[in-house]
Amino acid sequence: MKITVYNEFNIHHKSGKILEAYPNGIHGSLKKLFEKNGHEIRTYTLETINDITLDVLKDTDVLVWWGHMNHNDVKDEVVDMIVNQVNLGMGFIALHSSHLSKPLKRLLGTPCTLQWREMDENERLWVVNPTHPIAKGLPSYIDIPHDEMYGEPFAIPTPDELVFIGWFKGGNVFRSGCCYNRGYGKVFYFQPGHETNPVYEIPEIKKILLNAIEWAKPTTRLEYLDCPNATNPLEKI
Ligand code: ZN
């Protein structure tokens with residue numbers, strides 16, 4: 001499978017905190033995970049994302065997105081191409097603070113706002129749909145020792161399928177794993193993954209990411225949506 005990973009990798013890595021958790025960046029950790037499992041990976045950061053081409057997106061089965069502070073620096077032309085490709089069948093996975101990314105907000109059509117608290121609380125991630133492909137091989141819950149709290153209300157459309165609910169020590173709960181069909185493509189939002197803690201190195205979380213790309217990959221990829229030469233089936237009656 002061909003995976004393209006975007007990691008903003010801008011302000012926070014300069015603070016040093018993110019480098020402690022992810023010495024090669026979140027994109028470096030994800031690249032290693034996906035490559036180890038036989039996938040072809042391209043990576044982009046804030047410095048390069050606006051140079052991504054339509055050819056690269058057409059050649060991408062699943063686009064994995066991690067953005068935080070610089071959502072608005074991603075050009076609308078890039079977002080247009082991404083949304084079009086999802087409608088044609090490309091998978092799109094938005095991680096953690098990408099709930100406010102331009103592509104996800106465009107695909108879901110709502111503000112995607114939430115409550116948050118950065119206190120390094122532990123999170124218990126409950127599998128609420130054990131028969132879903134993204135939950136395959138997982139225990140009934142996963143304990144994440146440190147993560148940022150994201151809480152309800154989460155301003156999203158009701159998910160087509162809900163796979164995970166997060167519970168935080170402070171008492172909040174959150175729809176942490178949400179699936180959507182958009183056009184002919186599949187979209188998955190996954191909440192865990194604050195940049196100062198190496199959440200994406202936890203074995204069960206790696207399993208979720210691998211399951212998610214398998215679930216989101218296109219079965220058929222369309223070239224275009226309109227059919228100018230379609231014949232009218234009533235013509236011959
Ligand atoms: Zn965060």
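Here is a short walk through this structure, from its sheet to its zinc site and its largest pocket. Keep in mind along the way that the model is predicted.

A good place to start is the sheet. It is open, has 9 strands and shows mixed pairing, and its order reads β2-β1-β3-β4-β9-β8-β7-β5-β6. At the edges stand β2 (40–44) and β6 (141–151); each has a single partner strand, so one side of each is left without a neighbour in the sheet. From one strand to the next, the twist averages 25°.

Now look at some of the pairings. Strands β4 and β9 run parallel and are joined by 4 bridges. You can find this pairing by looking for L95, which stands opposite F190 in β9. Two helices to follow from here are α3 and α5. Helix α3 (residues 25–36) packs on the sheet, where it touches β1 (2–7), β2, β3 (62–66) and β4, and its direction makes about 165° with that of β1. Helix α5 (residues 76–87) also packs on the sheet, touching β3, β4, β8 (173–182) and β9; the angle between its direction and that of β9 is about 115°.

Moving along to strand β5 (residues 115–127), you will meet antiparallel pairing. Strand β5 is joined to β6 by 8 bridges, and E123 has I144 in β6 as its bridge partner. Strand β5 is also joined to β7 (residues 161–168), by 5 bridges and again antiparallel. Here V127 has F164 in β7 as its bridge partner.

Next comes the zinc ion. Which residues hold its protein donors? They are H96 (NE2), E148 (OE) and H194 (ND1), at 2.0 to 2.1 Å from the ion. Along the sequence, these donor residues are spaced H-x51-E-x45-H. H96 sits in the loop between β4 (91–95) and α6 (102–108), while H194 sits in the loop between β9 (185–190) and α7 (203–216), so the pair ties together parts that are 98 residues apart in sequence. Are these two histidines buried or exposed? H96 counts as buried because its relative accessibility is 0%, and H194 is buried too, with a relative accessible area of 1%.

Finally, turn to the largest pocket, which has a volume of about 250 Å³. It is lined by 13 residues, and the closest to its centre are S29, K32, L33, E201 and K206. Helix α3 returns here: it gives the largest share of the lining, 6 residues.

Note on methods
Residues numbered from 1 in each chain as written. Predicted model: local features only at pLDDT ≥ 70, side-chain atom pairs only at ≥ 80, totals over all residues. Heavy atoms only, no water. Donors = N, O, S within 2.8 Å, 3.2 Å for Na, K, Ca; no water. Buried < 20%, exposed > 50% of the residue type's maximum accessible area, 1.4 Å probe, protein only. Pairing = 2+ DSSP bridges. Axes fitted to C-alpha atoms, helices over the stretch in contact; angles between N-to-C directions. Contact = heavy atoms within 4.5 Å. 1 Å grid on protein atoms, 1.4 Å probe; cavity = no way out; pocket = protein on both sides within 12 Å on 5 of 7 lines; lining within 4 Å. Points joined across faces, edges and corners; volume = space filled by probe spheres on them.
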